[in-house]
Amino acid sequence: RGFDDRLRPLDPLGRAPDALARGSAVHAALEDFLARTEAALPADARAVFDAATEAALAGAAPWPAVRALWAARIARSADWFLAGERERRTRAAPCAREVRGARSLDGAPRPFVVTARADRIDRDAAGGYAIYDYKSGAPPTAPEAALFHLQLPLEAAIAAAGGFEGMPPAPAIHLELIGIGARKSLALDIDPTAIWTRLAGLIAAYQDPAAGFVARLRPQRLTYASDYDHLSRHGEWADGDPAVTEDLE
C-alpha cells in the first residue's frame, strides 16, 4: 500500500478506513457462507467458504492487490472458523443473519427504544437462541467485555421479549464473540436481565432534566476521542501533565 495505517485518519475507535472496509467484507463473506450452508455443512465446506470470500471481496475490494491481501488474511482463519462452525451447529441451527430488532425500555421517564442488528442468531431444538457477533480482529478480554462490550447481552434481552423480526420470544442459551482475524472466540457469561436493568437506570438518569451529560463517561482507553470534546471544557481535565501556574504580579 506504500504507507502505514498510522498515517491515515482514524475513526473514533482508532480504526483506519481500510480496516472498516475489510471488516464489512468479512461480515459479508460469513453471511454469504451461512446462506449457502444453512441447511447443513457440506463436505466441501472450505470450498464454499472460499467462494463466499471471493464474492464478498469482489464487491468490497475492486483493486486486485488489495483483494489478494485481504483474501490471504481471511484464508488464514478459514480452517479455524470451520472447526468452530461444526461445534456451533451442534449447539443450534442458523436462524437469522443481520436481523434487526427493537425493544422499548420500560420504566424510563420518557419513551426510549433500544434497537439492534444482530450478526447472527441460531436456534436450538428447545427454541433458545445462540447469538453471535463477528469481529474482524480480536475479541476483547473477558473483563473488557463485561465492562464495555454489552451489545450481545442487550440483543439477548431484545430476543427474550420477541423484539427481533419474525422471531418468537425466547431466552438466549449462548452468547459469543468470534474474532476472525485473531482466530479467537469469547463466550460471554453475562446476565442479559441485569444488563437491561442497568441500562434502564442509566437512561432514566440521563432523562432527568437536572442531570448534566458527561462528555467522557468511563472511557476504555486514555486515547479515546469523544465526539463532544469540542463542546466540553476538555482542556481542564484532559489526560496529560498537570497545568503550570504562574504569578503575574
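Which residues are buried in α6? Hi everyone, let's start there, and please keep in mind that this is a predicted model. The buried ones in α6 are L152, P153, L154, E155, A156, A157, I158 and A159. Put as a count, that makes 8 of the 10 residues in this helix, which spans 151-160, so we can call α6 mostly covered.

What do those buried residues pack against? There are four strands on the list, namely β1 (93-104), β2 (113-123), β3 (129-135) and β4 (172-179), together with the helix α7 (192-206).

Let's pick one residue from β3, and that is D133. Is D133 buried or exposed? Its relative accessible area is 5%, and because buried means under 20%, D133 is buried. Its side chain makes a polar contact with the side chain of K135, at 3.1 Å. Setting aside residues up to four places away in sequence, D133 also touches Q151 and L152, as well as D119, E176, L177 and I178.

Now back to the helix, and on to what comes after. α6 is followed by G162, which has a positive phi, near 75°. In the loop between α6 and β4 we find E165. Why does E165 count as exposed? Its relative accessibility is 54%, and the cut-off for exposed is over 50%.

E165 does have some partners from elsewhere in the chain. Leaving out neighbours within four places in sequence, E165 is in contact with V99 and R100. Its C-alpha also lies 8.6 Å from that of A102, with the two positions 63 residues apart in sequence numbering.

That's my tour, thanks for listening!

How values were computed: Residues numbered from 1 in each chain as written. Predicted model: local features only at pLDDT ≥ 70, side-chain atom pairs only at ≥ 80, totals over all residues. Heavy atoms only, no water. Buried < 20%, exposed > 50% of the residue type's maximum accessible area, 1.4 Å probe, protein only. Helix = DSSP H or I, 4+ residues; strand = E, 2+ residues; numbered from the N terminus. Contact = heavy atoms within 4.5 Å. Polar contact = N/O pair within 3.5 Å; in protein donor to acceptor, adjacent residues only side chain to side chain.
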